[in-house]
Amino acid sequence: MILLQRLRHANVLQLYGYCYQDSNDIPDTLTTITELGSPLEMIQLLQTSWEDRFRICLSLVRLLHYLAHSPLGSVTLLDFRPRQFVIVDGELKVTDLDDASIEESSCTSNSDCFMEFPARNFTLPCSVEGRCQNMNEKRNLYNAYRFFFTYLLPHSAPSSLRPLLDKIVNATGELHWGIDETAAQLERVLNLYKSGEYLQNTTRIPKAEYRRVPEAFIPDENYRCWPSYHHKGCLLSVFDVNEAIEICDSYSQCKAFVLTNQTTWTGRQLVFFKTASNHILPDPDKITYVKVTD
């Protein structure tokens with residue numbers, strides 16, 4: 001409870017209050033009131049869009065950057081597992097700080113700074129002050145790599161971002177980077193994605209021509225794609241119309257698409273991709289593009 005009070009950050013579960021009360025004949029039981037989050041289900045996360053999975057990793061890195069530079073010093077999460085986190089409005093938040101520690105391990109030589117994990121081990125340098133250098137930070141970072149990055153970052157990412165994402169995964173898996181560099185690189189990915197710069201090096205010559213139909217939508221004619229924001233249709237996010245055309249060209253069954261007025265957390269527009277345009281209805285908030293040539 002005290003750590004939740006002291007560690008105030010967007011990716012730490014918010015503490016609303018607490019009280020002491022007798023409960024089941026146990027005097028002075030402490031009850032805390034926090035914001036409500038959904039349990040982190042990795043199986044479900046793997047079925048979501050890359051954009052949402054990237055948001056989870058970005059949330060985690062922002063949290064770990066804060067913990068490495070917190071008012072209490074460098075904080076490590078000794079029990080670092082997905083069940084220690086929840087999702088609140090798409091953001092990852094740590095909920096269990098029972099096993100958090102601010103003590104950097106003392107040492108007399110590098111051999112005292114040994115970190116053991118199931119897949120591999122690391123030996124960190126022992127500082128002249130007799131402390132293992134950045135052990136708390138590096139323990140958090142490697143756990144983020146093995147529980148989150150390897151599963152969520154590269155899979156189904158935009159092809160032009162894959163080299164940078166692979167570099168991030170490899171650098172954290174080898175602990176070549178600290179949290180500052182890792183956070184800077186993930187923020188770079190975010191900027192490339194939000195700005196559309198990641199599309200600049202791709203060939204964008206439409207294979208087909210499209211007719212623009214303003215204030216219209218296609219209610220049916222759905223097909224499924226993966227990953228999709230809609231379980232019964234193909235609903236994807238795009239940076240602009242050109243990217244929507246590129247996506248439609250890449251699906252043989254796509255004959256039209258509908259731009260909605262909805263956006264994702266990065267500001268990208270949500271688009272429904274359709275198998276036909278036989279039934280078009282008026283809608284002031286949508287724009288339909290119909291393929292006229294293949």
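Threonine 264 is buried, at 12% relative accessible area (buried means under 20%, exposed over 50%, and partly exposed in between, with a 1.4 Å probe and protein chains only). This residue sits in the loop between S12 and strand S13 (269-274), where helices (H or I, at least four residues) and strands (E, at least two) are DSSP runs numbered from the N terminus. The side chains of threonine 264 and glutamate 51 are joined by a polar contact of 2.4 Å. The term stands for a pair of N or O atoms within 3.5 Å; within protein, one must be able to donate a hydrogen and the other to accept it, and residues adjacent in sequence count only if both atoms are side-chain atoms. With neighbours within four places in sequence left aside, threonine 264 is in contact with Glu51, Tyr229, Ser237 and Leu270, contact being heavy atoms within 4.5 Å.

A word on the basis of these values is useful here. The model is predicted, with local features needing pLDDT of at least 70 and side-chain atom pairs counting only at pLDDT 80 or more, while totals for chains, interfaces and linings use all residues. Residues are numbered from 1 along each chain as its sequence is written, and side-chain values use heavy atoms, with hydrogens and water left out.

Taken as a whole, the protein chain comes to seven helices and 14 strands. Its C-alpha trace spans about 75 × 50 × 30 Å along the principal axes. Of the 294 residues, 48% count as buried. Among contacts between residues at least 6 apart in sequence, 66% join residues at least 24 apart.

Aromatic rings offer plenty to look at, with 16 aromatic pairs in the structure. Rings of Phe, Tyr and Trp (its six-membered ring) pair if their centres lie within 6.5 Å; planes under 30 degrees apart count as stacked, over 60 as edge-to-face and the rest as tilted. Tryptophan 50 and tyrosine 193 form an edge-to-face pair, because their planes stand at 75°, with ring centres 5.1 Å apart. This pair links distant parts of the chain, 143 residues apart: tryptophan 50 belongs to helix H3 (residues 50-68) and tyrosine 193 to helix H6 (residues 179-195). Both tryptophan 50 and tyrosine 193 are buried. A second pair, tyrosine 210 with phenylalanine 257, is tilted, at 5.6 Å centre to centre and 55° between the planes. Here the link runs from strand S10 (residues 210-217), which holds tyrosine 210, to strand S12 (residues 256-263), which holds phenylalanine 257, with the two positions 47 residues apart along the chain. Tyrosine 210 and phenylalanine 257 are both buried. Ring pairs also link Trp50, Phe54, Tyr193, Tyr198 and Trp265 into a cluster.

Two lysines sit over ring faces. Lysine 274 lies over phenylalanine 272, at 5.0 Å from the ring centre, and lysine 286 lies over phenylalanine 217, at 5.7 Å from the ring centre. The criterion asks for NZ of Lys or CZ of Arg within 6 Å of the ring centre and within 35 degrees of the ring normal.

The backbone has some notable spots in its loops. Tryptophan 226 and proline 227 are joined by a cis peptide bond, with omega about -5°; proline 227 lies in the loop between S10 and strand S11 (234-238). Asparagine 134, although not a glycine, has a positive phi of about 55°. Its place is in the loop between strand S9 (121-123) and helix H4 (135-152), and asparagine 134 counts as partly exposed because its relative accessibility is 40%. Leucine 175 likewise has a positive phi, near 55°, in a residue other than glycine. Leucine 175 lies in the loop between helix H5 (162-173) and H6, and counts as buried at 9% relative accessibility.

Helix H4 has 18 residues and reaches 24 Å from its first C-alpha to its last, close to the 26 Å expected at 1.5 Å a residue; the expected span is 1.5 Å times one less than the number of residues. A kink of about 45° is centred on tyrosine 145 in H4, the bend being the angle between axes fitted to the seven residues ending there and the seven starting there. H4 is mostly covered, with 15 of its 18 residues buried.

Towards the start of the numbering, arginine 6 is found in helix H1 (residues 2-6). Arginine 6 counts as partly exposed, at 47% relative accessibility. The C-alpha atoms of arginine 6 and proline 71 are separated by 7.9 Å, although the two residues are 65 apart along the chain. Beyond neighbours within four places in sequence, arginine 6 is in contact with Tyr66 and Leu72.
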